[in-house]
Amino acid sequence: MAKRKIAALDGAVMTDAGLSYKGVIMEPIVEKCEGCERIVAVEEGKYCPTYAQPERKWAHGVCNFATHVRASVDSEGKTKVNPLKASKRAARGR
């Protein structure tokens, strides 16, 4: 049985406040989002179906949903790792 691809933002409605999807107002993407594979064009704008406020995701660094940006490498050549995830991996013994 083949999987059926679900269209992102299917059923979204443009309102006076912006694009409404399942009761959440979606904000348009920001310049840093350009190139991401998750971007969906709805009517006149481009939106991220993963996160309603893309600008907030980029406020503290790289968006973790971005498909066009690789993890940053520091001056020592090590990849930056989320400390919370690293502690969970250490607790599991990985």
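Here are some short exercises, with worked solutions, on the predicted model shown above.

**Exercise 1. Get your bearings: work out which helices and strands the chain has, and how much of it is buried.**

Step 1. Start with the inventory: the chain has 2 helices and 5 strands.

Step 2. Now put them in sequence order, and you get the pattern β-β-β-β-β-α-α.

Step 3. For burial, look at the 94 residues of the chain: 20% of them are buried.

Step 4. Finish with the contacts. Take those with a separation of 6 or more; 40% of them link residues 24 or more positions apart.

**Exercise 2. Trace the sheet built from S1, S2 and S3, and say which strands stand at its edges.**

Step 1. Lay the 3 strands side by side and the order reads S1-S2-S3, in an open sheet with antiparallel pairing.

Step 2. S1 (13–14) and S3 (24–26) have a single partner strand each, so each of these edge strands has one side without a neighbour in the sheet.

Step 3. Zoom in on S1 and S2 (residues 19–21): 2 bridges join this antiparallel pair. Here methionine 14 sits opposite leucine 19 of S2.

Step 4. As a reminder, strands of a sheet pair through backbone hydrogen bonds, either parallel or antiparallel.

**Exercise 3. Decide whether serine 20 is buried or exposed, and list its contacts beyond the sequence neighbourhood.**

Step 1. Find serine 20 in strand S2.

Step 2. Check its relative accessibility, which is 18%. The cut-off for buried is under 20%, so serine 20 counts as buried.

Step 3. Set aside the neighbours within four places in sequence, and serine 20 is in contact with Ala12, Val13, Thr15 and Ile25.

**Exercise 4. Compare the settings of leucine 9 and lysine 22, which each have a positive phi without being glycine.**

Step 1. Take leucine 9: its phi is about 60°, and you'll find it in the segment before S1.

Step 2. With a relative accessible area of 6%, leucine 9 is buried.

Step 3. Move on to lysine 22, where phi is near 55°. This residue belongs to the loop between S2 and S3.

Step 4. Lysine 22 has a relative accessible area of 71%, so it is exposed. Side by side, then, leucine 9 is buried and lysine 22 is exposed.

**Exercise 5. Place proline 28 and find what it touches.**

Step 1. Proline 28 is in the loop that runs between S3 and strand S4 (40–42).

Step 2. Its relative accessible area is 48%, which makes proline 28 partly exposed.

Step 3. Not counting residues up to four places away in sequence, proline 28 touches Lys46, Tyr47 and Pro54.

Step 4. For a distance, go from proline 28 to isoleucine 39: they are 11 residues apart in sequence, and 9.7 Å separates them from C-alpha to C-alpha.

**Exercise 6. Look for enclosed space in the structure and describe what lines it.**

Step 1. Recall the idea: rolling a probe the size of a water molecule over the atoms shows where empty space is left.

Step 2. Searching the whole structure turns up 1 cavity of 30 Å³ or more. The largest cavity holds about 90 Å³ of space.

Step 3. It has 14 lining residues, and those closest to its centre are Cys33, Cys36, Cys48, Trp58 and Cys63.

Step 4. Sort the lining by type: 11 nonpolar, 1 polar and 2 charged.

**Exercise 7. Explain why helix H2 lies largely in the open, then describe what is found at its two ends.**

Step 1. H2 covers residues 83–92, and of these 10 residues the number buried is 0, so the helix lies largely in the open.

Step 2. At the N-terminal end, asparagine 82 caps H2, with a side-chain oxygen 3.0 Å from the backbone nitrogen of leucine 84.

Step 3. At the other end, glycine 93 follows H2, and its phi is positive, near 90°.

Technical notes
Residues are numbered from 1 along each chain as its sequence is written. This is a predicted model: local features need pLDDT of at least 70, side-chain atom pairs count only at pLDDT 80 or more; totals for chains, interfaces and linings use all residues. Side-chain values use heavy atoms; hydrogens and water are left out. Buried means under 20% relative accessible area, exposed over 50%, partly exposed in between (1.4 Å probe, protein chains only). Helices (H or I, at least four residues) and strands (E, at least two) are DSSP runs, numbered from the N terminus. A polar contact is a pair of N or O atoms within 3.5 Å; within protein, one must be able to donate a hydrogen and the other to accept it, and residues adjacent in sequence count only if both atoms are side-chain atoms. Two strands pair if DSSP finds at least two bridges between them. On a 1 Å grid over the protein atoms alone, a cavity is a set of points where a 1.4 Å probe fits but cannot get out, and a pocket is an open set with protein on both sides within 12 Å along at least five of seven lines; lining residues have an atom within 4 Å of a point. Grid points are joined across faces, edges and corners, and a volume is the space filled by probe spheres set on the points. Ala, Val, Leu, Ile, Met, Phe, Trp, Tyr, Cys and Pro count as nonpolar, Asp, Glu, Lys and Arg as charged, and the others, Gly among them, as polar. Contact means heavy atoms within 4.5 Å.
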